[in-house]
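Let's take a friendly walk through a protein model, from the inside to the surface. Have a look at the sequence and the structure before reading on.

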Amino acid sequence: CLNLFAVKYYGESEFWLALGKVVLAGGLIVYTFITMVGGNPLGDKYGFRFFRDPGSFGEVYSTGSTGRFLGFVVCLVQASYTVSGPDYLSMAAGETENPRKILPRAYNQVFWRLATFFILGSLCVGINVSYKSEELRRAYEDEAPGAAASPYVAGMNRLQIRVLPDIVNALILTAVLSAGNSYVYCASRSLFGLALEGRAPKILTRCNKAGVPIYCVLLVLLISLISFLQVSNGSAVVLDWLVNIVHFSQMPD
């Protein structure tokens, strides 16, 4: 709902919410390094154990090299949304003060953030837990709430680390709020641009006194109610289909 107000409120809220994501990602990378060299209650120096047994690639739909390749593709589709944000910076150019100076610096920062947090984060996931983890499997099958299905939380439970899983849960909430905030902004501005080009109803070009395309924002918020499909087991399958379509459509970018 912050998108209903002037863009400066969106920017300020996104700054603080994104700070939570940075703390979470950086903290988990540091946590992984400390625990893998033995800094945990069990004193277990597990290192890259799970890369050797059962291995770094799981088999899906088939066995051998084909199964491992298909497993990689399945993960790629699911994870593609995490790196689909750099082009969204361009959408803020029309509402940014001194964009010629600010945006180039922002683009450079995005590249290093992607390289640091996403690549290292993916590596840390494989270090912390095996893809054959029984706890992860039960969490998915039982649809456990919160971050119970997080590989980091599974790793913390395996090492008998307390409190940290609750902190991770809280920081994940800030990451979810930040993602929702950003996607509502980007989707509403994309719809506004289509309306200006005559490819969407003209009523969507109307803005309030703060310059916010109010009808575009409201329509995007209305469409986001589809997320409630996740509440029911049967309808959640349909939501997964929609999410996979969106993820796959972002991959060519």
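## The largest nonpolar core

In this predicted model, the largest nonpolar core has 14 residues, and Leu28, Met156 and Val168 touch the most other members. Helix 1 (7-36), helix 4 (99-128) and helix 6 each give two or more residues to this core. The most come from helix 1, which supplies 5 residues.

Try finding Val168 in the structure. Setting aside neighbours within four places in sequence, Val168 is in contact with Leu24, Leu28, Val153 and Met156. Apart from this core lies another one, of 6 residues, including Leu191, Ala200, Leu204 and Cys216.

## Helix 6, an enclosed helix

Why is helix 6 described as largely enclosed by the rest of the structure? Helix 6 covers residues 151-158, and 6 of its 8 residues are buried, so the rest of the structure largely encloses it. Those buried residues are Pro151, Tyr152, Val153, Ala154, Gly155 and Met156.

Now look at the ends of this helix. Ser150 caps the N-terminal end of helix 6, with a side-chain oxygen 3.2 Å from the backbone nitrogen of Tyr152. After helix 6 comes Gln160, which has a positive phi near 60°.

## A nonpolar patch on the surface

Nonpolar residues also appear on the outside: a surface patch includes Leu219, Phe228, Val238 and Trp241, and the patch as a whole has about 1,000 Å² of accessible area. Helix 8 (214-223) and helix 9 (233-250) each supply at least two of its residues, with helix 9 giving the largest share, 5 residues.

Val238 is a good one to locate. Val238 lies in helix 9 and counts as partly exposed because its relative accessibility is 36%.

Definitions and conventions. Residues are numbered from 1 along each chain as its sequence is written. This is a predicted model: local features need pLDDT of at least 70, side-chain atom pairs count only at pLDDT 80 or more; totals for chains, interfaces and linings use all residues. Side-chain values use heavy atoms; hydrogens and water are left out. Patches are made of residues with over 30% relative accessible area and no salt bridge: like charges are joined within 9 Å, nonpolar side chains (Val, Leu, Ile, Met, Phe, Trp, Tyr) within 5 Å. Accessible areas come from the Shrake-Rupley method with a 1.4 Å probe; for residues, only the protein chains shown count as cover. A salt bridge is a side-chain nitrogen of Lys or Arg within 4 Å of a carboxyl oxygen of Asp or Glu. Helices (H or I, at least four residues) and strands (E, at least two) are DSSP runs, numbered from the N terminus. Buried means under 20% relative accessible area, exposed over 50%, partly exposed in between (1.4 Å probe, protein chains only). A polar contact is a pair of N or O atoms within 3.5 Å; within protein, one must be able to donate a hydrogen and the other to accept it, and residues adjacent in sequence count only if both atoms are side-chain atoms. A nonpolar core is a set of buried Ala, Val, Leu, Ile, Met, Phe, Trp, Tyr and Cys residues joined through side-chain atoms within 4.5 Å. Contact means heavy atoms within 4.5 Å.
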